[in-house]
Every structure is written in structure tokens, then in C-alpha cells.
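Keep the sequence and the model side by side. The paragraphs below go from one site to the next.

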Amino acid sequence: MDTNGTNLIPLRSDFTEKSDSICILGTGDFGRALGFKFLQSGFSVVFGSRNPGKTSLLPKGVEVLSHEEAAGKCALVIIAIQRDHYGFLSELTEVLDGKILVDISNNLKVDQYPESNAEYLAHVVPGAKVVKAFNTVSAWALQSGTLDASRQVFVCSDDNLAKHTVMDLVRAIGLTPQDKGSLLAAKEIENYPLQLFPMWRLPVYICAGLTVFLFLYCVIYDVVYSAAVTGTDVSFRIAISIPNKVFPIVSLMLLGLVYLPGVFAAFIQLHRGTKYSRFPNWLDRWMLCRKQLGLVALAYAFLHAIYTLVIPIRYYARHRAATNVITQVQKNETNPFLIVSAWRSDSYIALGILGFFFYVVLGITSLPSVSNAVNWREFRFVQSKLGYLTLLLCTGHAFLFGWNKFLYIANFRWCMPPAYTLALVIPCIVLILKFILILPCIDKRITKIRQGWERSSVAIEDKKFKNGHAAI
Ligand code: NAP
């Protein structure tokens with residue numbers, strides 16, 4: 001029996017060997033790049049063109065014929081032409097009947113047409129087996145061989161056999177096919193190349209917004225206030241001190257924002273008494289970008305760690321330490337050793353180190369190569385339990401840093417509280433809500449809901465039961 005590369009699906013009898021030619025209609029950039037790749041992989045390629053005579057840019061060893069002649073020679077035809085020009089294919093319906101027709105086209109805008117290009121092609125050539133593929137690979141990547149960023153080829157079709165034939169072809173040229181199901185998925189696949197970091201947009205906006213806000217807050221709190229009230233110029237703080245406040249604060253806020261949607265979702269499920277109703281759109285979007293939020297938070301934590309390491313070599317820090325010693329010598333007295341301060345300082349550093357360590361563990365386990373190597377339960381343990389532990393440690397770190405500064409009125413400059421208090425708001429809300437959720441009575445209810453229990457169905461059963469009794 002003839003089988004494909006995976007020995008699973010029997011191939012079509014009319015497209016089995018590499019010696020079978022592949023037809024590419026259109027000799028533009030993408031048609032040429034794809035044709036070249038097929039040739040390199042040992043296939044023979046026939047191009048169909050409006051001008052079969054003009055072949056100077058085509059690789060050696062290919063045939064160039066008219067559209068009709070080229071399509072007539074092959075069982076698999078790739079349409080490397082813009083959708084706007086598909087009209088001429090209606091004249092080839094007879095020759096294309098029963099053949100595999102691969103649509104590789106993209107659009108200029110998301111949802112540019114009411115139906116996908118592949119569905120439109122199926123409409124123009126109703127007898128063909130239309131498969132959507134290759135549109136997420138660029139001509140440049142195919143030619144240069146730097147395929148790392150676009151090795152995946154999304155494939156979909158209403159004809160299963162045609163789809164698997166194309167998936168084998170994808171594998172044969174060193175790419176990775178991804179089965180996306182029926183032709184209904186074509187629209188989504190056509191939108192992929194038009195999206196720019198879709199999952200990163202929201203986290204980056206949130207992060208940029210918080211960074212700008214907190215930077216300005218700290219500049220006003222530290223630099224502007226000192227200049228205006230005491231006449232001291234501490235503008236040098238803008239280089240290291242202020243960024244080293246902004247990075248950990250934003251990092252902690254973002255880490256809180258990673259876990260906040262999860263607790264919101266739990267409360268919504270508790271309130272609705274079911275897990276079978278959709279979350280609001282904003283919550284869905286938020287939940288989907290938690291990984292990206294966490295990675296941005298980790299990047300900021302790294303920056304905080306690096307900025308902290310340079311503190312001892314700063315002129316300002318060295319000058320302050322030296323001045324302190326000289327003052328003690330001049331006064332002929334030693335600052336007392338305060339055991340509480342020693343405890344506070346050591347605990348603050350210890351919590352920071354441990355928090356950062358678990359932060360890194362969380363980041364590493366979110367890498368696909370690592371998360372693929374653990375099972376769902378292990379992944380959940382790391383991302384949920386260790387995640388909350390990280391949040392707790394980092395919140396403790398920030399709390400010990402600020403300690404009781406928020407109690408002193410002098411620390412409220414122009415009614416602005418010290419910046420570290422802002423960092424504590426979101427994590428404290430998350431931790432308090434989580435604490436409520438893990439109370440045994442609430443945890444039991446939420447676990448039941450997540451196992452499929454519904455309050456409404458119980459109410460209906462109760463009603464039926466009561467009605468039954470009343471009837472008796
Ligand atoms: P292109 O360089 O403009 O080439 C398109 C080819 O279509 C032309 O060379 C021409 O071939 C043919 N053509 C033009 N007008 C026609 C008409 N009125 N009737 C019949 N054929 C016509 O475009 P391309 O970059 O190769 O893109 C081709 C398709 O691949 C597009 O749908 C695009 O969205 C998709 N795609 C491109 C890339 C990429 O990186 N370029 C990546 C993914 C997908 P002949 O002169 O030989 O007839």
C-alpha cells in the first residue's frame with residue numbers, strides 16, 4: 001500500500017511520488033521561491049504563466065507552460081496569484097476538476113473580504129479540492145533558508161485526503177505542518193500574517209503605561225519635591241535610583257496582574273454557580289495574555305536585580321557611607337547596632353533573593369520546551385502554587401523595604417504616599433482574595449463547580465422534586 005511519510009494515511013493514487021509534477025500558477029516572488037524549494041527537495045515543477053516565454057527569473061530545470069497546459073499535467077496545483085486575479089480560473093474549471101488546489105494567498109487587511117480567499121477559490125472552482133497552506137511562510141524565508149521564525153505551515157481543507165497530501169508535501173520541504181481542520185479555519189489562517197505580536201500588545205501597553213506613570217510619580221516625589229521644598233538638587237537620581245524603584249514596582253504590579261484575573265474568574269464562577277458560561281470579553285483577553293505579562297514582569301525583575309548590584313560602586317552610595325563614618329568620628333560616637341534593623345534588612349534581602357529565584361523558575365517553566373516536558377498537574381503546580389509563593393515573597397520583600405514609612409506624615413509629599421505603597425496595592429488585593437478562595441467552605445464550592453456542578457440544575461431538580469411531592 002502506498003502511504004505518506006508518516007505511514008498513516010494512504011496517498012492519492014494520482015499524487016504519490018516525487019516524480020509527480022507540482023504545478024504552480026503564477027511566476028511571481030512567492031511562486032518562484034516555492035518552486036525553487038520544491039526543486040531542491042527533489043520534486044519536478046511546472047509553472048503556469050500568462051507569458052510562458054518570459055522565464056529569465058525562474059530556476060533552471062522547470063517547465064513554463066500556459067495555465068491550462070501546466071494545470072493539465074499535474075494532480076496538485078498551487079495558486080501563487082493574488083486573490084483579485086482568481087477570475088481567470090473559472091475558465092480552467094474543467095481541467096482543475098477533482099484536483100488538489102492549494103491557496104497560499106494573503107490579504108492586506110484583517111477580514112478584508114466577507115469570506116476567506118480559500119473559500120472564494122472553492123467557489124470559483126467548485127470541482128477542485130481546495131486546501132489552504134503556505135500563506136504564513138514568506139518568499140524571503142523560503143529563499144534564504146532562515147525559516148526558524150516561520151517554519152510552521154497551517155493547513156486546512158474540507159477534503160481530508162487532500163489536506164494530508166499537502167501536509168506531506170510541507171514535511172518534504174523541511175517545514176512543519178499544523179492541521180487546522182476544515183476550510184472554515186482559512187479566514188483565521190489568512191489573518192495570522194497580518195497580526196503583530198497579538199498576545200504581547202496588551203501586556204506591553206500595560207507595562208509601558210505603568211512605567212511612564214511611576215517614573216513621573218517618582219521624579220515628582222523625589223526630584224521635583226526636593227528642588228521645590230528644600231532647594232536640593234537630586235536630579236542625578238533619575239539615572240539609577242528612580243529606575244531602580246520603578247522596575248521592581250512595575251514588576252510586582254504585573255505579577256499581581258498575572259494572578260488577578262484567575263481570582264476574578266473564580267469569584268465570577270462562584271457568583272454564577274457554574275463554569276459553563278462565558279467570562280466577559282475583557283477577562284478572556286486578560287487571561288490569555290497572562291504568560292506575556294509574567295515574562296515582562298520577569299524582565300523588570302532582572303533589571304531590578306542588575307541595578308541593585310551596582311549600588312555599592314555608585315559615587316552617591318560611597319560618599320554617603322564615608323560621610324557617615326566621618327560624622328561618627330567627629331561626634332566621637334558609634335551608631336548603635338539595632339537588632340530590629342538587622343533582622344529587617346536581612347529578611348528583606350532574603351525574601352528578594354528567594355522571590356527572584358522562584359520568579360526565574362516560573363519564567364523557565366513557561367518556555368514551551370520545558371512546559372512540554374511536564375504534565376498538566378506539574379505545570380499547574382508550578383504556575384499556580386509556586387506563582388502565589390513568588391507573589392507572597394516579592395510582596396513581603398517590598399513590604400520590608402518600606403516597612404513603616406507610610407505611617408509618617410513627612411513621607412507623604414504633596415499628599416503623595418511613598419512609591420513602594422503603590423506596588424503593594426494589587427498584590428495585596430490578589431493575596432487577600434486568594435486567601436478567601438482557599439477557605440475550606442469556599443474552596444469546596446469552587447472545586448465542585450469546576451468539576452461540572454451547576455447551581456441552576458440543582459435548583460431545577462429541587463423544584464421537580466417538590467412538584468412531584470405536591471402531586472402525590
Ligand atoms: P507577485 O510577485 O505580484 O506575483 C503574482 C503573480 O501572479 C505574477 O507574477 C503573475 O504571474 C500572476 N498574475 C498577476 N496578475 C495576474 C492576472 N491578472 N491574472 C493571472 N495571473 C496574474 O506576488 P507574490 O508575492 O508572488 O504573491 C503571490 C501570492 O502569494 C499572493 O496571493 C500572496 O498573498 C501570497 N503570498 C506571498 C508571500 C510573499 O512573501 N511574497 C508570502 C505568503 C503568501 P505570471 O506573470 O507568470 O502570470
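N332 is exposed, because its relative accessible area is 70%. This residue is found in the loop between α12 and α13. Its backbone deserves a look: N332 is not a glycine, yet its phi is positive, at about 55 degrees. Most residues other than glycine have a negative phi. The model is a predicted one, and the values here are computed from it.

F134 also has a positive phi, about 65 degrees, although it is not a glycine. Find F134 in the loop between β6 (129-132) and α5 (139-144). Is F134 buried or exposed? It is buried, with a relative accessibility of 1%. Its ring has partners: ring pairs link F134 with F38 and F43 into a cluster.

Move from that loop to strand β6, the place of K132. K132 is buried, with a relative accessible area of 0%. What does its side chain reach? One target is the backbone oxygen of S105, at 2.7 Å. Another is the side chain of D103, joined to that of K132 by a polar contact of 2.5 Å.

D103 belongs to strand β5 (residues 100-103). It counts as buried, because its relative accessibility is 0%. So the 2.5 Å contact joins two side chains of residues that both count as buried, D103 and K132.

The surroundings of the two can be listed, leaving out residues up to four places away in sequence. D103 is in contact with Y86, N117, A118, L121, V131, K132, A133 and E190. K132 touches D103, I104, S105, N117, A118, F154, V155, C156, L183, A186, I189 and E190. N117, A118 and E190 appear in both sets.

Next comes the ligand. Which residues lie closest to it? They are T27, F30, S49, N106 and A139, among 19 residues that surround the ligand. Three polar approaches can be traced. A ligand oxygen is 3.1 Å from a polar backbone atom of D29. A ligand oxygen is also 3.5 Å from an N or O atom in the side chain of Q82. At H85 the ligand atom is a nitrogen, 3.3 Å from an N or O atom of the side chain.

Now look at R83 and the rings of two tyrosines. R83 lies over the face of Y113, at 3.7 Å from the ring centre. The charged end of R83 also sits over the ring of Y120, 4.3 Å from its centre.

The nonpolar cores come next. The largest one has 61 residues. V250, L254 and L260 have the most contacts inside it. Which elements give two or more residues to this core? They are α8, α9, α10 (281-288), α11 (290-309), α13 (339-365), α15 (376-402), α16 (419-437) and α17 (440-450). The largest share, 17 residues, comes from α9. Take V250 as an example. Beyond four places in sequence, V250 touches C207, L210, T211, L214 and Y300.

A second core is separate and has 33 residues. I22, F38, V45 and A162 are included in it. F38 has already appeared, in the ring cluster with F43 and F134.

Aromatic pairs complete the tour. A pair of aromatic rings is described by the distance of the centres and the angle of the planes. With rings paired when their centres lie within 6.5 Å, the count comes to 20 aromatic pairs. In one of them, the rings of F236 and Y316 have centres 5.1 Å apart. Their planes stand at 50 degrees, so the pair is tilted. What does this pair tie together? F236 lies in the loop between α8 (201-230) and α9 (243-272), while Y316 lies in helix α12 (residues 315-331), so the pair ties together parts that are 80 residues apart in sequence. F236 is partly exposed, at 37% relative accessibility. Y316 is partly exposed as well, with a relative accessible area of 25%.

The rings of F399 and W403 form another tilted pair, because their planes are at 55 degrees. Their centres are 6.3 Å apart. F399 counts as partly exposed, at 40% relative accessibility. W403 is likewise partly exposed, at 32%.

Conventions: Residues numbered from 1 in each chain as written. Heavy atoms only, no water. Phe/Tyr/Trp six-rings, centres within 6.5 Å; stacked < 30°, edge-to-face > 60°. Helix = DSSP H or I, 4+ residues; strand = E, 2+ residues; numbered from the N terminus. Buried < 20%, exposed > 50% of the residue type's maximum accessible area, 1.4 Å probe, protein only. Lys NZ or Arg CZ within 6 Å of the ring centre and 35° of its normal. Core = buried A, V, L, I, M, F, W, Y, C linked by side-chain atoms within 4.5 Å. Contact = heavy atoms within 4.5 Å. Near = heavy atom within 4 Å. Polar contact = N/O pair within 3.5 Å; in protein donor to acceptor, adjacent residues only side chain to side chain.
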